[in-house]
Amino acid sequence: HAYEDQGVYTVTLRIDDEDSSFTDTITVVVNDVSPSGSISGPDTIIVDEGEEVLFDADVSAGSIYDPIIFVIWDFGDGTSEVGLSPTHSFDENGTYIVTLTVNDEDNSITDSVTVIVNDVNPIGGIGATDLEVDEGSEVGFEAIGLVSGSDADEITSVVWDFGDGTTGEGITVNHAYEDQGVYTVTLRIDD
């Protein structure tokens with residue numbers, strides 16, 4: 001006999017003959033068997049902002065009488081998803097604890113993995129090569145190829161250091177050098 005549910009059961013054996021009967025009982029304690037569930041892969045995952053990560057759950061029911069009801073992932077960033085093998089990307093750098101929860105009718109079990117998300121720097125360049133200008137003449141500078149570090153980030157500032165103690169802001173700027181000399185122009189892009 002297979003018991004479908006946990007509990008305490010009394011089993012009785014009764015033997016009858018023509019003149020008498022014999023009865024014996026035993027107690028059977030049926031324990032609930034929890035589902036199993038674990039995250040396949042390393043305990044720590046390192047990715048860049050915006051990079052997709054495939055998560056994979058290895059799950060099984062505790063018994064044929066307690067099927068798995070659901071498998072849910074909590075990604076630690078305010079989002080979750082149901083399923084065995086979801087993909088997820090993290091928009092912001094930081095450390096996230098991703099938790100897998102497997103439930104049957106009576107129990108749940110959890111497993112977790114740490115995801116470290118690296119910040120991705122924005123990119124861009126100066127739309128000019130080395131220049132030679134007369135002192136006092138205005139020269140234009142343009143930031144080109146501006147790309148934020150991830151889809152979730154927006155470029156928040158474009159700052160120019162003209163190498164003469166002055167700065168400017170914007171994708172295109174003009175500047176006049178008051179004194180002769182060799183100056184290094186630096187472009188800083190923030191997201």
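A salt bridge is taken here as a side-chain nitrogen of Lys or Arg within 4 Å of a carboxyl oxygen of Asp or Glu. The model is predicted, so local features need pLDDT of at least 70 and side-chain atom pairs count only at pLDDT 80 or more, whereas totals for chains, interfaces and linings use all residues. Residues are numbered from 1 along each chain as its sequence is written, and side-chain values use heavy atoms, with hydrogens and water left out.

Across the whole structure, a search returns two salt bridges. In one of them, the side chains of R14 and D16 meet with an N to O distance of 3.0 Å. Accessibility is graded by relative accessible area with a 1.4 Å probe on protein chains only: under 20% is buried, over 50% is exposed, and the range in between is partly exposed. R14 is exposed because its relative accessible area is 58%, while D16, at 46%, counts as partly exposed. The other salt bridge links R188 to D190, with the closest N and O atoms 3.1 Å apart. R188 is partly exposed at 45%, and D190 is partly exposed at 23%.

R188 and D190 fall within the residue range of strand 17 (186-190), which leads to the sheets. Strands are DSSP runs of E with at least two residues, numbered from the N terminus, and two strands pair if DSSP finds at least two bridges between them. Strands of a sheet pair through backbone hydrogen bonds, either parallel or antiparallel. Strand 17 belongs to an open sheet of three strands in the order 15-14-17, with antiparallel pairing. Strand 15 (167-169) and strand 17 are its edge strands, each pairing on one side only. From one strand to the next the twist averages 20°, the angles being taken between N-to-C directions of lines fitted to C-alpha atoms, on a scale from 0 to 180 degrees. Strand 14 (residues 157-161) is joined to strand 17 by five bridges in the antiparallel sense, and L187 of strand 17 stands opposite W160.

Another open sheet of three strands has the order 12-13-16, and its pairing is also antiparallel. Strand 12 (123-126) and strand 16 (172-176) each have a single partner strand, so one side of each is left without a neighbour in the sheet. The twist here averages 25° from one strand to the next. Three bridges hold strand 12 and strand 13 (residues 138-147) in antiparallel pairing, and V147 in strand 13 is the bridge partner of I123.

Strand 3 (residues 36-39) shows an alternation of side chains: G37 and I39 point to one face and are buried, whereas S36 and S38 point to the other and are not. Strand 3 runs antiparallel to strand 6 (residues 57-60), to which four bridges join it. I39 has A57 of strand 6 as its bridge partner.

What surrounds D104, in the loop between strand 10 (94-103) and strand 11 (108-118)? Its contacts, meaning heavy atoms within 4.5 Å, include V33, S34, P35, D66, P67, I68 and I69 when neighbours within four places in sequence are left aside. D104 is buried yet has no salt bridge, and R14, the nearest side chain of opposite charge, is 37 Å away; Lys and Arg count as positive and Asp and Glu as negative, with His and the chain ends not counted. The side chain of D104 instead reaches the backbone nitrogen of D106 at 2.8 Å. A polar atom of the D104 side chain also lies 2.6 Å from the backbone nitrogen of N107.

Technical notes. A polar contact is a pair of N or O atoms within 3.5 Å; within protein, one must be able to donate a hydrogen and the other to accept it, and residues adjacent in sequence count only if both atoms are side-chain atoms.
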